[in-house]
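Please open the model in a viewer and keep the sequence panel visible. The tour below proceeds by selection, with a short account of what is found at each stop.

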Amino acid sequence: MQDFIIIKGAREHNLKNIDLSIPREALTVITGPSGSGKSSLAIDTIYAEGQRRYVESLSAYARQFIEQLRKPDVDFIEGLSPSISIDQKTVTKSPRSTVGTITEIYDYLRVLYTRIGKQYCYNCGSMITKQESLDIMHSVMSLPEGSRIQILSPIVRDRKGEYRKELQKMRREGFIRARIDGEILDLTHDITLSKHKRHTIEIVIDRLIIKPGIDRQIKDSIETALGYADTVVINLLAENRDILFSKTAVCLHCGISYPEINPMFFSFNSKQGSCPRCNGLGFENIDEDSTELEEYKYCRLCNGMRLRKEALSIKVQGTNIGEFAQLTVKDAVFFLKNLTLTEREQVIASRILKEVKDRLHFMEKVGLDYLTLNRSSLTLSGGEAQRIRLATQLGSSLTGVLYILDEPSIGMHPRDCRKLLESLSSIRDAGNTVIVVEHDEETIRWADYIVDMGPGAGLRGGWVVASGRPEEILRNGNSVTGQYLNGSLSIDIPFRRREPKDFIRIIGAREFNLKDISLKLPLGTFTCITGVSGSGKSTLVFEILFKALSRELYGSKSIPGRYTEIQGVDKVNRVISVDQSPLGKTPRSNPATYTGLFSFVRELFSQVPDSRIRGYSASRFSFNLTGGRCESCAGDGLIKVEMHFLPDVYIPCDACKGKRYNRETLEIQYRGKNIAEVLEMTISEALQFFSSIPPIRRKLEVLEDVGLGYLQLGQPASTLSGGEAQRVKLSKELGKAKKGHTLYILDEPTTGLHFVDIQKLLTVINSLVDSGNTVIVIEHNMDVIKSADYLIDLGPEGGDEGGRVIAEGTPEQVSADPDSYTGRFLKDKLTHFDYARAAS
């Protein structure tokens, strides 16, 4: 097998027909300014071609279910391995998805609790024992005389399938009725069940009325029912209520019967195990389609554990599966390490425990030991979601695979970044090729090989500026990245730190892991909240500060996290949170529509002479409305293709070729461009094109100022990274009239930013502060942290060991604190800085 992946003539998006060789079985970092073509090369060319070849390798039968994937715009690629892409959007965002289910740890726990769990009565706490048919008969006979009952035997419980053979067997054995999915059906009729849905089939053994002298008939019917299943269901017809009896489990004190224990019994995605109140979601006010978890209340019945009380009554060493899932990864490791088992239990559980411990260990290796296993995927950041997927790959033992990662260091404190890099190196050392799109300085220095894209963004990018080993890049004068790495270029530290104009004081913050802390946030300054992952930064800033100010200033119904008092709220007029959540829930949202500039563009097109002759209004140029849009794709420009066992892909609409509009609309032009061509312009191109139209120009200038000149005006919001979405939101706020006394909150705004782009971001932040506003930033990037006026460092660790204020003050003061992890890394940045040069 050859030693390099050889790429010839790559022209995808803004790539300039580039040729490149990337070493196999090495860790390669692709870096460069935002919009320089990094993702176009790594994801849209290398990974896309790998996925296309995989599909082509499938049998003709399998390929008939899959549309032909578009070949990337490249002459050829040699030396390509099967490809796996691990980005920030590949984890399912569902209220049913948790850290435990994503990593499969919870699946193994279900088996563990089935095999060695001890069952207790949820009512009295006694150990559960088995029932005999005579005991069941006595319980049934104790029902009120005259009760009309059905005796049912559940031969299938909440499982997928058609079950033709089972139903036919019951017919042959003389049974004429069954309760299927809650409905009584006649077995003499043909019954067709969907093979892809879960079903419960209960055979009606007998129907009778409770009265004296019926003991023998009831006993015979019960024994018949137990011949088909371990459980008997007594259905009280008048009340439409079931009483469950089992020959396997019953409480001798309360007489409560328990169903047979199996792994589905612990599944909150199954009717067999899920809490009947919240249906396994764990919360009161969310549904199956929820994509956010902003305001939530734990379910009053299961207290957020998602399972019915029968499942939660089964314990391993005094802990039920819901309580185990509430443990952090670190605490779960400790629990399993101190687990005491009998020799028999050890034999049964050894393989299961190995799988669980390995997965927990991999989570620790990627710096996620602070996450709880029941943490909802809806609350995971993009970086956390990506590292969870990386952890699952560490345990896959694959070799000869090409892994492509998109900024895996997002959300990681420099202290934890080393763990991530060691994990990437272990994947490489197993005989795999690792390609990482990254801006983090330590990751770039760690690489075996670097590809530096640029020199600019958009049309000014798309070239390979430099490639080689890290030491070669440092010596390359053409590489801006190399110049930042060797120190000839750097992000300057402000010569003077701003003095606070006043303070907001938070007293007694104690939500989640915050340890009843009190602190003061300076106003009229640029403040960074720092600390390792899971130390409580987002809880302090978003759950408490932002929600409390929103409620006070706007009457928001958001419920803040727990605190005693916040003083100084009257010192700010507005509070604005600029986070990394998507701009919209559909691909129809884009930078042009979100910022409002597209309304001006549509109005401009409606004033063109040809439009006025035809009577076209601004609505004609909306791809959301009938009339001007292409109806074949409803203005999407793309058609979704379901890939069944692969992720869905989108292909251009055949009718409009991806233009979104119909032919008549595209005939209207402004300065030689139709509306679709305008949407295809980058922000930088549009700024030149509309330079004479002040309302459009002003909005484009702000987008350019925040470093987004390379984005297309019509680029679907779903394709934007979290950092790009955040900067689009920031530009919208910057485009509003400057009012002062506004508190801006930014969550890791350096996501996706190269050294060059960070300088632009700092210019924007400083302009906000200089206009009389306050900016609070949650950040891990040392170049931003060193540029702040004030720091609040939380820690010392993540999870339960975090939530304390470790240090606060200027960057110089925090860097002198020996207890601060942030201070240790910051000290190195400040030590190597020339203050005299900054002053000049």
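Begin by selecting Pro796, which is found in the loop between strand 28 (790–795) and strand 29 (804–809). In this predicted model, the peptide bond that joins Gly795 and Pro796 is cis, with omega at about 5°. Next, select Pro455, located in the loop between strand 17 (449–454) and strand 18 (463–468). Here too a cis peptide bond is present, joining Gly454 and Pro455, and its omega is about 0°.

**Two residues with positive phi**

Most residues other than glycine have a negative phi, and most peptide bonds are trans. With that in mind, move to Glu407, in the loop between strand 15 (402–406) and helix 13 (414–429). Its phi is near 50°, a positive value in a residue other than glycine. Is Glu407 buried or exposed? Glu407 counts as buried, because its relative accessibility of 9% is under the 20% cut-off.

Now select His741, in the loop between helix 25 (722–734) and strand 26 (742–747). His741 is not a glycine, yet its phi is positive, at about 55°. The relative accessible area of His741 is 47%, so this residue is classed as partly exposed.

**The whole chain**

Zoom out to the full protein, which contains 30 helices and 29 strands. The radius of gyration is 31 Å, close to the 28 Å that the globule rule gives for 840 residues, so the protein is as compact as a globular protein of that length. Measured out along its principal axes, the C-alpha trace spans about 105 × 65 × 60 Å. Colouring by accessibility will show the buried residues, which make up 54% of the 840. The accessible surface comes to about 37,100 Å², and carbon and sulfur atoms account for 48% of that surface. Of the contacts between residues at least 6 apart in sequence, 69% join residues at least 24 apart.

**The second largest pocket**

Which residues should be selected to find the centre of the second largest pocket? This pocket has a volume of about 1,200 Å³. Of the 34 residues that line it, Arg157, Asp242, Lys271, Gln272 and Arg308 are the closest to its centre. Then display strand 7 (148–160), strand 10 (198–209) and strand 12 (241–246), each of which supplies at least two residues of the lining. Strand 12 gives the most to this lining, with 5 residues. Colouring the lining of the second largest pocket by class gives 12 nonpolar, 10 polar and 12 charged residues.

**The enclosed cavities**

How many cavities of 30 Å³ or more does the structure hold? There are 3, and the largest has a volume of about 100 Å³. To display the lining of the largest cavity, select Thr98, Tyr106, Phe268, Gly304, Met305, Arg306, Leu307, Ile321, Gly322, Ala325, Leu373 and Asn374. Helix 9 (residues 321–325) gives the most to this lining, with 3 residues. By class, the lining of the largest cavity divides into 7 nonpolar residues, 4 polar and 1 charged.

**Leu336 in helix 10**

Select Leu336, which belongs to helix 10 (residues 329–337). Leu336 has a relative accessible area of 5%, and it is buried because that value is under 20%. To see its surroundings, display Phe324, Leu353, Val356, Lys357 and Leu360, with which Leu336 is in contact when neighbours within four places in sequence are left aside. A distance label between the C-alpha atoms of Leu336 and Leu353 should read 7.9 Å, for a separation of 17 residues in sequence.

**Arg551 in helix 17**

For the last stop, select Arg551, in helix 17 (residues 537–554). Arg551 has a relative accessible area of 40%, which lies between the 20% and 50% limits, so this residue is partly exposed. Which residues does Arg551 touch, not counting those up to four places away in sequence? They are Ser556, Ser558, Pro560 and Tyr563. Finally, place a distance label between the C-alpha atoms of Arg551 and Gly534: these residues are 17 apart along the chain, and the separation is 25 Å.

Technical notes
Residues are numbered from 1 along each chain as its sequence is written. This is a predicted model: local features need pLDDT of at least 70, side-chain atom pairs count only at pLDDT 80 or more; totals for chains, interfaces and linings use all residues. Side-chain values use heavy atoms; hydrogens and water are left out. Helices (H or I, at least four residues) and strands (E, at least two) are DSSP runs, numbered from the N terminus. Buried means under 20% relative accessible area, exposed over 50%, partly exposed in between (1.4 Å probe, protein chains only). Contact means heavy atoms within 4.5 Å. On a 1 Å grid over the protein atoms alone, a cavity is a set of points where a 1.4 Å probe fits but cannot get out, and a pocket is an open set with protein on both sides within 12 Å along at least five of seven lines; lining residues have an atom within 4 Å of a point. Grid points are joined across faces, edges and corners, and a volume is the space filled by probe spheres set on the points. Ala, Val, Leu, Ile, Met, Phe, Trp, Tyr, Cys and Pro count as nonpolar, Asp, Glu, Lys and Arg as charged, and the others, Gly among them, as polar. The radius of gyration is taken over C-alpha atoms; the globule rule is 2.2 Å times the number of residues to the power 0.38. Accessible areas come from the Shrake-Rupley method with a 1.4 Å probe; for residues, only the protein chains shown count as cover.
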